[in-house]
Amino acid sequence: MAAKKKVTQGDTTRTERAKAHLERLSEAKGKRLLVDLDAEGSVALTELLASGYGATYKAVVNRALIAASTRVKRT
């Protein structure tokens with residue numbers, strides 16, 4: 001007996017969109033980063049977002065990294 005093919009439900013373009021996103025990121029000289037935060041880092045990220053440091057978690061992280069990099073370069 002042949003196995004029946006499953007009918008795909010929902011979004012079937014996710015892989016294509018993900019590939020396109022990664023290509024655009026690469027073209028923009030960006031970098032994908034998956035980070036696991038400890039409790040302290042998670043609280044800090046949430047507090048920075050709530051205070052308006054950035055509009056999104058991504059914006060908060062980018063701004064904080066650039067600020068830290070600038071401070072390191074000055075010393």
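These are my notebook entries on a predicted model of one chain.

**Entry 1: the whole chain**

I began with the secondary structure and found 3 helices and 0 strands, with the elements running α-α-α from the N terminus on. I then looked up the overall dimensions: the C-alpha atoms fill a box of roughly 70 × 30 × 20 Å along the principal axes. The radius of gyration is 19 Å, whereas a compact globule of 75 residues would have one near 11 Å. On burial, I noted that 4% of the 75 residues count as buried. The accessible surface comes to about 7400 Å², and carbon and sulfur atoms account for 57% of that surface. For the charges, I took the mean position of the 15 positive ones and that of the 8 negative ones, and these two points lie 6 Å apart.

**Entry 2: helix H1 and the loop after it**

H1 covers residues 14–27, and its 14 residues reach 20 Å from the first C-alpha to the last, close to the 20 Å expected at 1.5 Å a residue. I asked myself how many buried residues there are among the 14 residues of H1. The count is 0, and the helix is hardly covered.

Past the end of H1 I stopped at Lys-29, which lies in the loop between H1 and H2. Its phi is positive at about 65°, although Lys-29 is not a glycine. I set this beside the general rule that most residues other than glycine have a negative phi. Is Lys-29 buried or exposed? Its relative accessibility is 75%, and because the cut-off for exposed is over 50%, Lys-29 counts as exposed.

Gly-30 has its place in the loop between H1 and H2 as well, but at 38% relative accessibility Gly-30 counts as partly exposed. I also looked up one distance from here towards the N terminus: the C-alpha atoms of Gly-30 and Lys-6, 24 residues apart along the chain, are separated by 37 Å.

**Entry 3: helix H2 and Leu-45**

For H2 I checked the span against expectation: its 12 residues should span 16 Å at 1.5 Å a residue, and the end C-alpha atoms are indeed 16 Å apart, which agrees. After H2 comes Gly-52, whose phi is positive, near 90°.

Within H2, which runs over residues 39–50, I picked out Leu-45. Why does Leu-45 count as buried? Its relative accessibility is 16%, and because buried means under 20%, Leu-45 falls into that class. I then listed what Leu-45 touches, leaving out residues up to four places away in sequence, and found Leu-37, Tyr-57, Val-60 and Val-61. As H3 covers residues 57–74, I noted Tyr-57, Val-60 and Val-61 as its members in that list. One further distance concerns Thr-56, which is 11 residues from Leu-45 along the chain, with 9.9 Å between the two C-alpha atoms.

**Entry 4: helix H3 and Val-72**

My last stop was Val-72, which is found in H3. Val-72 counts as exposed, at 60% relative accessibility. To relate this part of H3 to the loop of Entry 2, I looked up the separation of Val-72 and Gly-30: they are 42 residues apart along the chain, and their C-alpha atoms are separated by 21 Å.

Methods
Residues are numbered from 1 along each chain as its sequence is written. This is a predicted model: local features need pLDDT of at least 70, side-chain atom pairs count only at pLDDT 80 or more; totals for chains, interfaces and linings use all residues. Side-chain values use heavy atoms; hydrogens and water are left out. Helices (H or I, at least four residues) and strands (E, at least two) are DSSP runs, numbered from the N terminus. The expected span of a helix is 1.5 Å times one less than its number of residues. Buried means under 20% relative accessible area, exposed over 50%, partly exposed in between (1.4 Å probe, protein chains only). Contact means heavy atoms within 4.5 Å. The radius of gyration is taken over C-alpha atoms; the globule rule is 2.2 Å times the number of residues to the power 0.38. Accessible areas come from the Shrake-Rupley method with a 1.4 Å probe; for residues, only the protein chains shown count as cover. Lys and Arg count as positive and Asp and Glu as negative; His and the chain ends are not counted. The place of a charge is taken as NZ of Lys, CZ of Arg, CG of Asp or CD of Glu.
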